[in-house]
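What follows is a walk through one protein model, from its interior to its charged pairs. Please keep the sequence and the 3D view at hand while reading.

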Amino acid sequence: MDVRIDALSVLDKYPAKQHALRVARALGTRTGLIYLQGAALKYLDDSDQFQNFRQRRYFYYLSGCDENDCHVTYDIARQQLTLWLAPFTVHDVVWKGRGSTIEEAHLKYDLDKADYSNHLADYIKSWSSTNHSAPIYALHKASSHLPPQAWGRNHIIFDRLLNAMNLCRSIKDPHEINMIQRANDISAQAHVNVLRSIRNFTSESQVAATILYTSVANGAPEQAYRPIAGSGSNGAVLHYGSNNEPFGDRQSMVLDAGAEYKLYASDVTRSFPLNGRWSKEGKQIYDLVADMQTGAMNLLGPGKYMGVANVFCHIKCVQGLMKLGILVGGCEKEIFESGISYAFFPHGLGHHMGLEVHDVSYTPPHRTREFSKNNINQEVSQYNVDWILDHEEQGRYRSPCSSSGEGLQPGMVITVEPGIYFNRYSLENVFRPERKWSKFIDWDRLEKYYPVGGVRIEDDILITAAGWRNLTTTPKGEDALRIIRGEE
């Protein structure tokens with residue numbers, strides 16, 4: 001396998017001080033102390049083995065440090081960023097290694113000062129004694145692990161730092177964009193290696209192994225999420241993760257796999273026939289999803305709303321499935337407003353991406369239905385779209401496709417991932433019994449499309465001042481098929 005990809009310079013430091021300054025400005029204050037605790041190294045339950053370490057992303061954003069049991073403080077008035085390192089013993093060095101020394105930390109990280117965390121409580125106590133009226137900003141109450149006397153008399157604020165950091169994290173700087181691009185380039189090589197070998201593979205596990213091997217060999221030992229290598233009907237399970245079934249006589253695969261590079265994610269999905277040639281039904285669905293993605297991307301850019309592009313994709317889904325004879329029994333408007341497209345396209349068009357594959361977004365103090373204020377195009381405006389927008393409001397992180405999703409801004413990185421799925425269990429046990437939906441589906445016609453499983457196409461898009469730039473370099477469409485068939 002070809003796994004050679006040029007590496008970034010080891011001299012490129014993560015811009016932690018720049019991030020700290022941005023967060024302080026987002027807080028709107030010139031005084032105070034920001035405090036964040038990094039992730040601890042923990043044992044597995046009922047075991048003497050450690051859990052896989054995963055750094056807290058907010059901590060990393062202000063420190064650039066991927067070491068366990070560290071802390072970071074930022075004195076806003078003095079603009080002083082301090083990294084508090086985990087102290088270590090000879091036993092630690094022998095059995096599990098050690099973290100950075102103070103001298104090493106200054107060489108590796110963008111900071112003003114480094115010290116060991118056993119001095120942190122004394123530092124905060126000293127800081128408090130000379131900054132009586134200045135608040136301390138912490139992310140969570142659970143972060144306040146230090147003894148009460150360490151905090152002095154200062155007021156600790158827990159409800160402002162999170163939103164300020166989300167505001168900053170939603171706009172990526174050039175360093176972050178380079179990390180995301182690097183993760184995408186590694187993912188592209190992994191996907192290409194799968195395409196080159198897929199006709200010789202016999203199971204999903206070989207696909208997953210190729211993704212992991214290529215990523216690790218290129219300096220990305222972690223995936224941004226568990227790879228999805230769903231063949232046949234498994235491609236209709238959105239977060240399928242078993243990756244262990246034989247291909248048998250299955251037609252196609254949904255491969256959703258993105259490498260993580262220096263804690264930054266990529267998120268790439270490609271769908272393709274296992275033999276390099278689509279069936280009639282598979283080609284029809286792939287072309288429909290590709291048309292949905294192209295149309296959605298044409299609606300994106302600064303000041304645009306993903307909610308509009310999301311609704312556009314549902315309209316295209318209904319139009320396409322009506323043309324194929326799968327959706328019947330009503331006019332386009334009636335079928336669309338019934339919500340039946342959700343049976344085939346049950347997820348949002350995309351999400352923010354960065355330090356998390358489903359990255360954070362800023363929540364305005366007072367949510368409004370921003371989507372309805374936008375001057376949307378005529379094709380979308382003729383429909384009642386509330387059912388889509390209300391669905392997108394759900395979830396742990398607010399979707400940029402939601403009714404209160406903010407307008408896109410330069411520096412945002414979002415995914416664009418329309419899909420159409422033929423999940424037999426879902427369709428026949430949820431939508432078929434419901435008369436209001438079942439009447440719009442030609443169930444005999446649908447039977448021909450179950451072997452397709454699912455089709456999803458996903459790219460990572462950087463919003464720019466001029467429009468957008470696709471960070472995903474993984475081949476798709478005919479380019480991917482030529483690789484499978486050995487015609488590249």
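A residue is called buried when its relative accessible area is under 20%, exposed when that area is over 50%, and partly exposed in between. The model shown here is predicted. With those cut-offs, Lys 283 is partly exposed, because its relative accessible area is 34%. Asp 287 falls in the partly exposed class as well, at 36%.

These two residues form a pair. The side chains of Asp 287 and Lys 283 meet in a salt bridge, with 2.6 Å from N to O. Both belong to helix α9, which covers residues 280-297, and they are four residues apart, about one turn of the helix. An α-helix has 3.6 residues a turn, so residues three or four places apart point the same way. Side chains of opposite charge can pair when their charged atoms come close.

A second pair has a similar setting. Lys 333 makes a salt bridge with Glu 337, and their closest N and O atoms are 2.8 Å apart. Helix α11 (residues 332-337) holds both Lys 333 and Glu 337, which are four residues apart and so separated by about one helical turn. Lys 333 has 37% relative accessibility and therefore counts as partly exposed. Glu 337, with a relative accessible area of 29%, is also partly exposed.

Where do Lys 476 and Asp 459 lie? Their side chains meet in a salt bridge of 2.9 Å, N to O. Lys 476 is in the loop between β17 (468-470) and α19 (478-484), while Asp 459 is in strand β16 (residues 459-463), so this pair ties together parts that are 17 residues apart in sequence. Lys 476 is partly exposed at 28% relative accessibility, whereas Asp 459 is buried, with a relative accessible area of 1%. Elsewhere, Arg 169, Lys 172 and Asp 359 are joined into one network by salt bridges that share partners. The count of salt bridges comes to 20.

Now turn to the interior. The largest nonpolar core contains 71 residues, and those with the most contacts inside it are Ile 285, Phe 344 and Phe 422. Helix α10 (residues 306-323) gives the most to this core, contributing nine residues. Another core lies apart from it and has 52 residues, including Leu 27, Tyr 60, Cys 65 and Met 165. Leaving aside residues up to four places away in sequence, Phe 422 touches, among others, Ala 236, Ile 285, Ile 326, Phe 344 and Leu 427. Tyr 449 and Tyr 450 are also among the residues that Phe 422 touches.

Helix α5 (residues 120-130) shows two sides. Its buried residues are Leu 120, Tyr 123, Ile 124, Trp 127 and Ser 128. Seen down the axis of α5, the buried residues fall within an arc of 130 degrees, so they line one face of the helix. The face turned away from the buried side of α5 carries the exposed residues Asp 122, Lys 125 and Thr 130. The elements that cover the buried residues of α5 include β1 (33-37), β2 (71-75), β3 (80-85), β4 (113-116) and β5 (136-138).

A strand completes the tour. In strand β8 (residues 228-231), Ile 228 and Gly 230 point one way and Ala 229 and Ser 231 the other way, yet all are buried. β8 pairs with strand β9 (residues 252-256) in the antiparallel sense, over four bridges. Opposite Ser 231 stands Met 253 in β9.

Note on methods
Residues are numbered from 1 along each chain as its sequence is written. This is a predicted model: local features need pLDDT of at least 70, side-chain atom pairs count only at pLDDT 80 or more; totals for chains, interfaces and linings use all residues. Side-chain values use heavy atoms; hydrogens and water are left out. A nonpolar core is a set of buried Ala, Val, Leu, Ile, Met, Phe, Trp, Tyr and Cys residues joined through side-chain atoms within 4.5 Å. Buried means under 20% relative accessible area, exposed over 50%, partly exposed in between (1.4 Å probe, protein chains only). Helices (H or I, at least four residues) and strands (E, at least two) are DSSP runs, numbered from the N terminus. Contact means heavy atoms within 4.5 Å. Two strands pair if DSSP finds at least two bridges between them. A salt bridge is a side-chain nitrogen of Lys or Arg within 4 Å of a carboxyl oxygen of Asp or Glu. The arc is that of the directions from the helix axis to the C-beta atoms.
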